[in-house]
Amino acid sequence: MNHPSPMIDWTSRYCASLTELDRFRDLVDSAVALGGLRRPDIDPRKTQTRIDAAAHRIRSRVPHLAGRGNSDVPRSVEGLLAHLDETIFTELGLGRAEAVVLHPDAMDLELVVSGVPGMPVTNALLYCAIAERIGLDVFGIDLPGEFLVGIRDTRFRRLTVLDPSQGGRQLDGNDFQQMTHLIDDGIDPREALAPATPAVWLRRFLNDLSITSGRSGEIHLLDSWARLSTATEDILGLR
């Protein structure tokens with residue numbers, strides 16, 4: 001006889017996740033817990049399993065990474081990005097061109113990794129979580145209305161900036177400068193390249209959840225997002 005799984009206290013699970021945010025894998029756990037507040041019956045392991053599977057597919061296509069642990073440093077970042085793009089943007093369909101609906105589903109990692117068009121911060125976190133698992137040195141770049149990804153190639157002292165919400169479109173220095181000036185001509189592009197901290201990631205998640213919940217009529221969740229925003233800043237600080 002099958003017994004129903006015990007209900008998860010997603011608020012407590014989210015707050016507990018904030019005590020260890022050393023990797024993007026940990027941030028995924030935090031984001032999944034936020035999704036659990038809307039959909040309490042989700043399997044907390046499913047998203048991580050899907051991300052692991054995507055990373056495994058990439059590693060199996062790269063001879064010197066196949067069968068090895070996540071700590072292996074890729075020999076060619078540029079070459080590995082091609083495999084990453086194929087898996088993330090072609091097979092998973094992340095960053096598709098169709099319009100993203102301003103709905104909390106677009107903030108739900110489990111739904112987005114399953115094909116629902118995601119918001120910029122959701123797409124960026126999935127990209128970073130998969131890239132981290134194949135040994136890339138990645139970080140998030142938080143901009144108003146955008147969330148980009150930076151990839152460091154320490155071997156050749158090169159930085160690649162791309163937009164996971166635009167099919168992985170790469171931005172050179174001029175592209176990035178133009179983007180920041182279009183958003184706000186007071187933004188210093190060099191400062192904008194600063195890696196997003198866990199507090200910045202989660203503040204953006206909670207802010208976008210508040211916006212999408214309000215616009216979609218899920219106003220019963222607004223108090224939860226506000227309380228979790230306060231808890232996040234209490235535990236992680238403002239940065």
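Are α6 and α9 parallel or oblique to each other? In this predicted model, the axes of helix α6 (residues 120-133) and α9 come within 9 Å and cross at roughly 140°. Angles over 145 degrees would count as roughly antiparallel, and α6 and α9 are therefore oblique to each other. The crossing in which α6 passes α9 is left-handed. On the α6 side, the contact is made by P120, V121, T122, A124, L125 and C128, and W201, R204, F205 and D208 meet them from α9. Sorted by class, this contact of α6 with α9 holds 7 nonpolar, 1 polar and 2 charged residues.

Helix α9 also takes part in enclosing empty space. A search for cavities of 30 Å³ or more returned a count of 2. The largest cavity has a volume of about 40 Å³, and its lining is made up of A31, L34, G35, R38, P104, M107, D108, F205 and L209. Two or more residues of this lining come from each of α2 (24-38) and α9 (198-216), with α2 giving the most, 4 residues. By class, the lining of the largest cavity has 6 nonpolar, 1 polar and 2 charged residues. F205 thus appears in the lining of the largest cavity as well as in the contact of α9 with α6.

The second largest cavity has a volume of about 30 Å³. Around this second cavity lie V32, I42, D43, T47, D108 and E110, a lining with 2 nonpolar, 1 polar and 3 charged residues. D108 is worth a second look, as this residue lines both the largest cavity and the second largest.

Technical notes: Residues numbered from 1 in each chain as written. Predicted model: local features only at pLDDT ≥ 70, side-chain atom pairs only at ≥ 80, totals over all residues. Heavy atoms only, no water. 1 Å grid on protein atoms, 1.4 Å probe; cavity = no way out; pocket = protein on both sides within 12 Å on 5 of 7 lines; lining within 4 Å. Points joined across faces, edges and corners; volume = space filled by probe spheres on them. Nonpolar A, V, L, I, M, F, W, Y, C, P; charged D, E, K, R; others polar. Axes fitted to C-alpha atoms, helices over the stretch in contact; angles between N-to-C directions. Parallel < 35°, antiparallel > 145°, perpendicular 65-115°, else oblique. Left-handed = near helix turned anticlockwise from the far one by under 90°. Contact = heavy atoms within 4.5 Å.
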